[in-house]
Amino acid sequence: MADVTSSYHCAVIDEIQMLGCKTRGFSFTRALLGIAADELHLCGDAAAVPLIQELLKVTGDDVQVQSYERLLPLVPLEVPLGSFSNIQTGDCIVSFSRKEIYKLKKKIENGGKHLCSVVYGSLPPETRTRQATMFNDASSEFDVLVASDAIGMGLNLNISRIIFSTLKKFDGCEMRDLTIPEIKQIAGRAGRYGSKFPMGEVTCLDAEDLPLLHSSLKSASPILEQAGLFPSFDLMFMYSRLQPKKGLYQILEDFRENAKLSENYFIANCEEMLKVAAVIDELPLGLQDKYLFCISPVDMGDEISSQGLVQFAENYAKKGIVHLREIFTPGTLEVPKTHSELKELESIHKVLELYVWLSFRLEESFPDRELASSQKAICSLLIEGFLERLGWQKPTSRKLTSRSSLNSLIADKRRQYLCD
């Protein structure tokens with residue numbers, strides 16, 4: 001989260017249109033309104049401009065709008081990819097299913113002409129960056145990228161052509177068509193200025209998706225009407241004093257239902273936080289500690305990740321200090337051999353990342369940051385080892401043979417890392 005306690009001469013917020021996101025928008029609104037900077041540069045979709053201008057009328061800031069044109073052309077193709085034999089160096093195939101990403105990688109590599117890097121959300125950030133680096137490296141044999149919409153932000157990629165395998169995605173609630181901003185955000189990754197390609201191209205795997213692709217690229221993104229908000233701890237504490245016998249779950253629920261906002265704001269979707277609160281409320285913790293665990297980067301839909309949070313919170317409540325070795329045994333990991341082991345290792349990385357996050361906020365109570373960070377890095381390297389083995393050629397020279405100390409087998413009992 002952005003530092004709103006320090007002063008800056010100049011600050012930059014990228015992808016400012018994200019302030020309209022139902023789950024993460026409040027973080028961007030907090031940065032927009034809270035960063036103390038003499039000059040604040042906001043970069044993003046023009047659809048956010050009217051809302052930002054309205055919000056900043058209240059603060060009295062001077063808003064200047066500068067529009068920029070794309071420096072290299074983006075050409076929507078009239079024909080679909082059709083056969084995978086038409087895949088070319090510099091292509092990026094986009095899918096929204098982790099399982100489908102690996103299926104596509106296998107299909108392309110079975111053709112014997114290309115090796116694929118992969119990028120998707122549940123990969124560790126370090127792994128995503130290294131996969132992107134391999135794809136960008138002209139001397140690398142990984143000349144095709146298979147990715148999710150995770151490529152839409154934060155990665156600089158040498159993509160010549162974006163190919164949508166589908167224009168539908170499951171958003172956690174339902175299967176739906178991609179929105180205009182989503183299509184434009186992903187398609188815009190092709191032919192970026194500074195890449196090695198003179199222009200970008202975009203198409204679909206199937207002809208039936210081309211009309212939606214073309215109409216979306218011709219359309220302006222819908223104007224944003226509201227920005228997300230979420231109560232700070234100080235606000236939650238004041239609100240809790242009105243109902244001192246209620247737990248954090250009920251306090252959050254009541255606040256969400258009773259909050260009165262101007263028409264320019266909405267309360268962020270806090271379903272994930274409520275899931276955490278429902279568990280944390282059972283522990284003898286103060287409101288501030290409960291709030292901290294609720295806003296932590298935990299995936300409650302991931303069994304290992306959620307179990308890790310629960311055990312961290314339980315140990316913290318009982319002893320006031322959480323040693324990583326109490327729930328995780330260093331030296332028990334190896335390169336995964338199956339997709340289920342890969343998914344498990346990704347989950348373990350999330351738990352280690354959570355420990356590091358907590359260690360920055362409860363430093364004395366989570367003292368093993370260095371150990372957690374090193375194990376997190378090892379997880380990332382082991383996942384890369386799996387990705388190398390998955391290719392149709394032998395792994396490159398950048399393999400993990402020097403890490404023989406990590407070659408102990410994963411125990412037969414699943415999720416042993418998070419057991420008592």
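**Note on the cores and helix packing**

1. In this predicted model, the largest nonpolar core, meaning a set of buried Ala, Val, Leu, Ile, Met, Phe, Trp, Tyr and Cys residues joined through side-chain atoms within 4.5 Å, has 71 residues, and those with the most contacts inside it are Val118, Val276, Ile280, Phe293, Phe312, Leu358 and Phe366. Helix 12 (residues 339-361) gives the most to this core, with 10 residues. Apart from this core lies another, of 23 residues, among them Leu145, Leu178, Ile183 and Val202.

2. Residues are numbered from 1 along each chain as its sequence is written, and side-chain values use heavy atoms, with hydrogens and water left out. Local features need pLDDT of at least 70 and side-chain atom pairs count only at pLDDT 80 or more, whereas totals for chains, interfaces and linings use all residues.

3. Which residues does phenylalanine 293 touch? Not counting residues up to four places away in sequence, Phe293 has among its partners Leu285, Leu309, Ala313 and Tyr316, where contact means heavy atoms within 4.5 Å.

4. In helix 6 (residues 210-218), the buried residues are Leu210, Leu213, His214 and Ser216, buried being under 20% relative accessible area and exposed over 50%, with a 1.4 Å probe and protein chains only. These four cover an arc of only 165 degrees around the axis, which puts them on the same side of helix 6. The face turned away from that buried side carries the exposed residues Pro211 and Lys218.

5. The axes of helix 3 (residues 98-110) and helix 13 (residues 369-390), lines fitted to C-alpha atoms over the stretch in contact, come within 11 Å and cross at roughly 40 degrees.

How values were computed: Axes are lines fitted to C-alpha atoms, for helices over the stretch in contact, and angles run from 0 to 180 degrees between N-to-C directions. Helices (H or I, at least four residues) and strands (E, at least two) are DSSP runs, numbered from the N terminus. The arc is that of the directions from the helix axis to the C-beta atoms.
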